[in-house]
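Work through the two exercises below with the sequence and the model open beside you, and try each task before reading its solution.

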Amino acid sequence: MSDGSKFAELMITGYSHDGRGVGRIEGRVVFVPGTVKGEKVRVELGQVQKGILAGQLVEVLEPAIERINPPCPIFSSCGGCQLQHINYQTQLRIKKGIVEDALQRIGGFKDLVVQPVLGMEEPWGYRNKGHFRVEKRNGQISLGFYEEGSHNLVNQSCTHLFSPNVGELLSGLTDILNRSEPPIASSQSPGLRHIMIRESKEKGEILLVFILSGEISTKLREITREICNKYPKVVGVCANINPRSSGPILGNKTEIIYGKEAIEDNIGPYTFTISPHSFFQINNAQTAVLYAKAVEYAHLSGKETVLDAYCGIGTITLFLARQAKRVIGVETVPEAIRDAVKNAQRNKVANAEFIQGEAEKVMPALVKQGLKPQVVVVDPPRKGCGQPLLDSILLVRPARVVYISCNPATLARDLKYLAVGGYIVKEVQPVDMFPQTGHVECVILMTYCGSDKKK
Ligand code: SAH
């Protein structure tokens, strides 16, 4: 490397926070996607980002026994999965290591026991939602994900993570789009930019959302008719208008083109209505496992008031309500709150209330009004909890805090903050919500131990 060559051989000695293989060349850290710990590999060296070299796998010189043939033929180019080349039991061990590493390195927790990751029996076809980029290049319309670290679209990515029905719909859609040629968004003109698909795992019903940078074209209405005739599982087609090309995929305005604007799905005994904008965990089977753990950790007797911050459409809220006196769910997205209220009603849950707003503002306001929850459950997005929320927890000191996290780094940061304020981490249980990818979900129990280390 110091001789300027672009190629190098190295040993993979561990994994990054997102499941990429890690090695070193001349003392420098190199991330090599698609590799396994213990392998000797030949890589092409790329750019340096934050002091870390990007390595592209050229050849596996000494393969690890954990390496398997990835079932998906486009795994190496599509950016959707990171771990398909590793057997599933090893994937679970890698994820446990990612959590341990974040808790130690970022949280400063030295001897914390992380439970083995709860995995799936059949870790395929689990996704109930996907958004796919739509692009027209050289006269050909494709839909899929971008290649890892680039803007090259890989057509029909990740069908192995969806049901066969969704896979069929994706390939049918590609044909129909190429035949009908509706306006596709580009830097010069408005049109179709993304397609979102939501599938009810319980009923098999599919909701299709066209995300457009401009108006709904006549062609798109014709296409909708054709799709609905050909794919009876599609029960609703919506258009979402988002003029911005960066930031969130969905814009604020959604219009129904055909059928329903939301689908229904079940987790455990409850049925949920899910609108295009609302968050719903993407893996139903593992969500049931995750929520059961969260409820177990909440350890409710029926007398408690529980605050469920970042509640989405009120999913965990309803599970908690069965065993608590009163549960208050807090969520920013107005559509999700509307779904949550409907979900509580349709499931005949009378002791759940919902407040729309930022948890970081709502919880301090509730505390000011005298609310004193015995248990607080938080399930924030990747950036973790806002500090005012953590400060309110430290102010009212609920006996138990149950933290559900999809990002070990921000989890470790927030647990550290609560630990300094007097909480101890009792249990760390990772759940594999996203098999084949580098993502890890965890549920954590913290209890108040009565001594504020800041004082
Ligand atoms: N607990 C729910 C949702 C978890 S995802 C479930 O299991 O389905 C995180 C949720 O937090 C999303 O619904 C998102 O819209 C919401 N959210 C994001 N920032 C927020 C904030 N500052 N305050 C409240 N909710 C927020």
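**Exercise 1.** Describe how helix 1 and helix 9 pack against each other, and find which residues make the contact.

*Solution.* Begin with the geometry: helix 1 (residues 88–105) and helix 9 (residues 408–420) pack at an angle of about 40 degrees, and their axes lie 8 Å apart. Here helices are DSSP runs of H or I with at least four residues, strands are runs of E with at least two, and both are numbered from the N terminus; axes are lines fitted to C-alpha atoms, for helices over the stretch in contact, and angles between N-to-C directions run from 0 to 180 degrees. Next, list the contact (heavy atoms within 4.5 Å): helix 1 contributes Ile 98, Val 99, Ala 102 and Leu 103, while helix 9 contributes Pro 408, Ala 409, Ala 412 and Leu 415.

The model is predicted, so local features need pLDDT of at least 70 and side-chain atom pairs count only at pLDDT 80 or more, whereas totals for chains, interfaces and linings use all residues. Residues are numbered from 1 along each chain as its sequence is written, and side-chain values use heavy atoms, with hydrogens and water left out.

**Exercise 2.** Work out the strand order of the open sheet, and then place helix 3 on the strands.

*Solution.* The open sheet has 7 strands in the order 8-7-6-9-10-11-12, with mixed pairing, where two strands pair if DSSP finds at least two bridges between them. At its edges are strand 8 (153–155) and strand 12 (253–259), each of which pairs on one side only. Inspect one pair: strand 6 (residues 129–137) and strand 9 (residues 192–199) are antiparallel over 5 bridges, and Phe 132 stands opposite Ile 195 in strand 9. Finally, helix 3 (residues 218–230) lies across strand 10, strand 11 and strand 12, at about 165 degrees to strand 10.
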